[in-house]
Amino acid sequence: KWIIRDLARGFGFYYDTERVRELDFPPCAEGAPDPVNPATGQLEAAALADEEELWQEAWRGYFSAVAIDERANLRLQRQYMPQRFWPYLTEKQNSPPADENFVGKK
């Protein structure tokens with residue numbers, strides 16, 4: 001199960017392993033904390049499922065295990081997913097910043 005939320009537009013999508021539904025997110029009630037940290041765009045720890053950290057760590061481990069450093073192609077990675085979105089990707093968190101001058105050549 002997963003959810004994607006667009007903070008600026010107040011809507012999102014929810015997938016419950018059977019179908020995808022569009023959701024509307026009204027503004028939080030006055031004084032109620034928003035579970036999304038506006039600085040990072042991530043859910044606060046209290047709003048996460050109990051196993052979320054375990055799954056994120058497993059995904060980061062898988063991502064680093066299948067990556068071959070010698071074949072890194074940051075230009076292609078940027079083509080598939082622009083670098084401005086990298087801070088929100090689990091596999092890109094807690095990793096060293098990309099070398100802007102790297103173009104796949106040594």
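Modeller: Buried means under 20% relative accessible area. Keep that cut-off in hand for this predicted model.

Biologist: Why is Asp16 called buried?

Modeller: Asp16 has a relative accessible area of 16%. The limit is under 20%, so Asp16 counts as buried.

Biologist: What makes the contact of Arg21 with Asp16 a salt bridge?

Modeller: The closest N and O atoms are 3.9 Å apart. The cut-off is within 4 Å, so the pair qualifies.

Biologist: Is Arg21 buried, partly exposed or exposed, and how do you know that?

Modeller: Arg21 has 31% relative accessibility. Partly exposed lies between the 20% and 50% cut-offs, so Arg21 is partly exposed.

Biologist: How many salt bridges does the structure hold?

Modeller: It holds 2. Arg60 and Glu57 also meet in one, at 3.4 Å from N to O. That value is within 4 Å, so the name fits.

Biologist: How do you know that about one helical turn separates Arg60 and Glu57?

Modeller: Both sit in helix H1, residues 52-66. They are 3 residues apart there, which means about one helical turn.

Biologist: Why does Arg60 count as buried?

Modeller: Its relative accessibility is 14%. Buried is under 20%, so Arg60 is buried.

Biologist: Which residues form the nonpolar patch on the surface?

Modeller: Leu76, Tyr80, Met81, Phe85 and Tyr88 form it. Together they have about 510 Å² of accessible area.

Biologist: What makes Met81 accessible enough for a patch?

Modeller: Met81 lies in the segment after helix H2 (74-80). Its relative accessibility is 31%. A patch residue needs over 30%, so Met81 passes that cut-off.

Technical notes
Residues are numbered from 1 along each chain as its sequence is written. This is a predicted model: local features need pLDDT of at least 70, side-chain atom pairs count only at pLDDT 80 or more; totals for chains, interfaces and linings use all residues. Side-chain values use heavy atoms; hydrogens and water are left out. A salt bridge is a side-chain nitrogen of Lys or Arg within 4 Å of a carboxyl oxygen of Asp or Glu. Buried means under 20% relative accessible area, exposed over 50%, partly exposed in between (1.4 Å probe, protein chains only). Helices (H or I, at least four residues) and strands (E, at least two) are DSSP runs, numbered from the N terminus. Patches are made of residues with over 30% relative accessible area and no salt bridge: like charges are joined within 9 Å, nonpolar side chains (Val, Leu, Ile, Met, Phe, Trp, Tyr) within 5 Å. Accessible areas come from the Shrake-Rupley method with a 1.4 Å probe; for residues, only the protein chains shown count as cover.
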